[in-house]
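Visitor: Could you walk me through this one, beginning with the charged side chains and then moving inward?
Guide: Gladly; here it is.

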Amino acid sequence: ALYLTGADASVIFLIQPDGGELRLEAIRHTRGYADGLDGRVGDGHALDVLRSGIPLRLSGPKRQSGVTGYLGERAHSLLYIPIRSGEEATGVLGVASVREDRTLPVEAESRLTALADYAAIALSNSHLYEETEQRAAQLAAVNRIARTVISSLDLEKIIGSVVREVRHTLRAETAALVLLDEEKQELAFDLVLGDDGRIGESYRMAVGQGVVGWVVEHGLPARIADVTTDPRFYDGIDRVTGFRTRSLLCVPLALPGRIIGAIEAVNKIECAAPREGGAFTPQDEELLQGAAAFVALAVENARLHASQRETVASETLHEAVVTLSHLSLIHI
């Protein structure tokens, strides 16, 4: 952009897919290049271009821009071009002259527009590549969870494998497998609370209580970016454990005709700002729902296996008692 227009500085803004915010992604000027800025900007000119989809050229702009805000200098002239993906503007490419003796040439707009078109194609290809990579990673994670849980008939091992894998795959601070105790009408939690992946104590709560209770009761997923804004949230377990829930994702464990529990991931960890955290995505929800189908079957198989073992043990004990009683009668 600098080469094509002879400007002092160039900048690119992009709309974030998660929240629709316009962010300053990268800037180049005479003092160097900076990218990965991921900074929110209150650039009124860029927002105008984004909404209208029309290039904007200004001399002596009155409002602060993303370029001048970063450089700490007032621009002598600005040129902002929308980056369009189809009919929608997804970003803004801009250049600025900060010296009064340097003005942007007349042909700068057509040159920058052509460059913005190429940038739109490149960004679109990049997003498609990322989505493909993400989808492949999701399928691999679901496959890994499925192989792990279906290969076992031990319910405790299934619970441990699921919560550790979900916590790791979704980059969550903690995860829980919640099973419905139909006899007591309670939900039993098994949580991973530590960085070592160790399963903590089990906790219980009433059916219908909290977000998990709602998920089990209605058979629907719940994805919440901020639990303080959701009336379904119950902080009882937080009070007991000292843990602080910020965001969560919960999906039901469904079998034909009934719900047997739920899987929950708590507090999404953002790589860039792990302390601040973030929100679970629709892709995270899709992944967890895919895994939940296998987990529900594995839990049911483990329960049936345990029930059969108890039945066999009970029958064996009964036969032993009858045999001993018969031998006792013969002896007498």
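Guide: Asp181, Glu186 and Arg204 are joined in a network of salt bridges, and please keep in mind throughout that this is a predicted model.

Visitor: How far apart are Glu186 and Arg204, N to O?
Guide: The side chains of Glu186 and Arg204 form a salt bridge at 2.9 Å, taken from N to O. This pair ties together distant parts of the chain, since Glu186 belongs to strand E8 (residues 186-192) and Arg204 to strand E9 (residues 199-206), 18 residues apart.

Visitor: Are those two buried or exposed?
Guide: Neither quite applies: Glu186 is partly exposed at 27% relative accessibility, and Arg204 is likewise partly exposed, with a relative accessible area of 47%.

Visitor: How many salt bridges does the structure hold?
Guide: There are 10 salt bridges in the structure. Among them is the one between Arg232 and Asp230, whose closest N and O atoms are 2.8 Å apart, and another links Glu107 with Arg111, where the closest N and O atoms are 3.7 Å apart.

Visitor: And which of Arg232 and Asp230 counts as buried?
Guide: Asp230 counts as buried because its relative accessibility is 14%, under the 20% cut-off, whereas Arg232, with a relative accessible area of 26%, is partly exposed. As for the other pair, Glu107 is partly exposed at 35% relative accessibility, and Arg111 is partly exposed at 37%.

Visitor: Moving inward, how many residues are in the largest nonpolar core?
Guide: The largest nonpolar core has 30 residues, and those with the most contacts inside it are Val166, Leu170, Leu177, Leu253, Ile263 and Val295. At least two residues of this core come from each of helix H4 (108-150), helix H5 (155-169), strand E7 (172-181), strand E11 (248-255), strand E12 (258-268) and helix H8 (282-331).

Visitor: Which of those gives the most?
Guide: That is H8, which contributes 9 residues to this core.

Visitor: What is Val166 in contact with?
Guide: Setting aside neighbours within four places in sequence, Val166 is in contact with Ile145, Arg171, Ala175, Ile263, Ala265 and Leu288. Apart from this core lies another, of 20 residues, which include Val178, Leu187, Tyr203 and Phe243.

Visitor: Switching topic, how many cavities of 30 Å³ or more turn up?
Guide: A search of the whole structure finds 1 cavity of 30 Å³ or more, and the largest cavity holds about 240 Å³ of space. It is lined by 21 residues, of which Phe189, Ile237, Asp238, Thr245 and Glu264 are the closest to its centre.

Visitor: Which elements make up that lining?
Guide: The elements that give two or more residues to the lining of the largest cavity are E8, helix H6 (210-218), helix H7 (236-241) and E12, with the largest share, 4 residues, coming from H6.

Visitor: And what is the lining like by class?
Guide: The lining of the largest cavity has 12 nonpolar, 6 polar and 3 charged residues.

Visitor: One last thing, where is Ser10, and is it buried or exposed?
Guide: Ser10 sits in strand E1 (residues 9-15), and Ser10 is buried, with a relative accessible area of 11%. Not counting residues up to four places away in sequence, Ser10 touches Ala1, Leu2, Ala26, Ile27, Arg28, Gly94 and Val95.

Key
Residues are numbered from 1 along each chain as its sequence is written. This is a predicted model: local features need pLDDT of at least 70, side-chain atom pairs count only at pLDDT 80 or more; totals for chains, interfaces and linings use all residues. Side-chain values use heavy atoms; hydrogens and water are left out. A nonpolar core is a set of buried Ala, Val, Leu, Ile, Met, Phe, Trp, Tyr and Cys residues joined through side-chain atoms within 4.5 Å. Buried means under 20% relative accessible area, exposed over 50%, partly exposed in between (1.4 Å probe, protein chains only). Contact means heavy atoms within 4.5 Å. A salt bridge is a side-chain nitrogen of Lys or Arg within 4 Å of a carboxyl oxygen of Asp or Glu. On a 1 Å grid over the protein atoms alone, a cavity is a set of points where a 1.4 Å probe fits but cannot get out, and a pocket is an open set with protein on both sides within 12 Å along at least five of seven lines; lining residues have an atom within 4 Å of a point. Grid points are joined across faces, edges and corners, and a volume is the space filled by probe spheres set on the points. Ala, Val, Leu, Ile, Met, Phe, Trp, Tyr, Cys and Pro count as nonpolar, Asp, Glu, Lys and Arg as charged, and the others, Gly among them, as polar.
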